Amino acid sequence: MRLASESENFPFELATVCYIEVGADGGVTSPPEEHVQVRVRRGESRLYAVWPGHYRSDLFLIDDIDEYEKALGLQHDPVRTGLQEHKHQVRWSISPCEDRPTGAYVSVEARLDCGCEVRDLKTFARHMRDQRGWDIATTAAWETSSPTSDAHARPTYTFRIRRRSLA
Ligand SMILES: [Zn+2]
């Protein structure tokens, strides 16, 4: 068995990683129930993960619960996501390239005047759902364009947003 902290970039969020919680009483739960990180911090449980490979699978002890929380979005991580936990100042408009003006989703160009960067679309989508009610597609491709002429200019992002949520 190996320690997750010794592996560079342990793929916590990979769907094929299997998590196993082992309680102090020897009880085994997989997948773990909610708030496993709280029980691990209290020393009531240990959290293991099987990382499946092509030829063999390895068992890891999740020894750094902070990394687990950040990767799964249970703890906000401004470095990984590029996003502060505040109300973002968003300037947006319907993309001039939008060619299906009546579709369920619409392309929107947006800039973040608050200085955040969208490095993690899922987290940004969650923030915007809470703050503006936007329903941003997180499976579709999204684009950024960084202006090359002005180093201080903010990048422009293109998102697909459910039209009805854009009110
Ligand atoms: Zn922001």
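## A guided tour, starting at tryptophan 51

Select tryptophan 51 to begin: its bridge partner is aspartate 58, in strand E5. Keep in mind as you go that this is a predicted model.

Now widen the selection to residues 45–52 and 57–61. These are strands E4 and E5, which run antiparallel and are joined by five bridges. Colour the rest of the sheet too, and you should find five strands in the order E1-E5-E4-E2-E3, forming an open sheet with mixed pairing. Look to its edges for E1 (2–3) and E3 (28–29), each of which pairs on one side only.

Next, zoom out and colour by domain. The domain assignment gives domain 1 as 2–75 and domain 2 as 80–166. Their centres, taken over C-alpha atoms, are 32 Å apart.

Move over to helix H4, residues 121–132. Its twelve residues reach 16 Å from the first C-alpha to the last, close to the 16 Å expected at 1.5 Å a residue. Show side chains here: Leu121, Thr123, Phe124, Ala125, His127 and Met128 are buried. What do the buried residues of H4 pack against? Add helix H3 (78–81) and strands E6 (90–94), E7 (105–112) and E9 (156–162) to the view, and you have their packing partners. Just after the helix, stop at glycine 133, which takes a positive phi of about 80°.

A little further along is aspartate 135, in the loop between H4 and strand E8 (143–145). Show its side chain together with that of arginine 129: a polar contact of 3.0 Å joins the two. Leaving aside neighbours within four places in sequence, aspartate 135 is also in contact with residues including Tyr105, Arg160, Ile161, Arg162 and Ser165.

For the next stop, select Leu112, Val118, Phe124, Trp134, Ile136, Phe159 and Ile161. Within the largest nonpolar core, which has 18 residues, these touch the most other members. E7, H4 and E9 each supply at least two residues of this core. As general background, nonpolar side chains in soluble globular proteins tend to be buried together.

Centre the view on phenylalanine 159 and show what surrounds it. Beyond its neighbours within four places in sequence, phenylalanine 159 is in contact with Val106, Ser107, Val108, Ala110, Val118, Leu121, Phe124, Ile136 and Trp142.

For the last stop, select Phe10, Val17, Ile62 and Ile65. These are among the members of a second, separate core of 14 residues.

How values were computed
Residues numbered from 1 in each chain as written. Predicted model: local features only at pLDDT ≥ 70, side-chain atom pairs only at ≥ 80, totals over all residues. Heavy atoms only, no water. Helix = DSSP H or I, 4+ residues; strand = E, 2+ residues; numbered from the N terminus. Polar contact = N/O pair within 3.5 Å; in protein donor to acceptor, adjacent residues only side chain to side chain. Contact = heavy atoms within 4.5 Å. Expected span 1.5 Å × (residues − 1). Buried < 20%, exposed > 50% of the residue type's maximum accessible area, 1.4 Å probe, protein only. Pairing = 2+ DSSP bridges. Domains from an automatic or database assignment. Core = buried A, V, L, I, M, F, W, Y, C linked by side-chain atoms within 4.5 Å.
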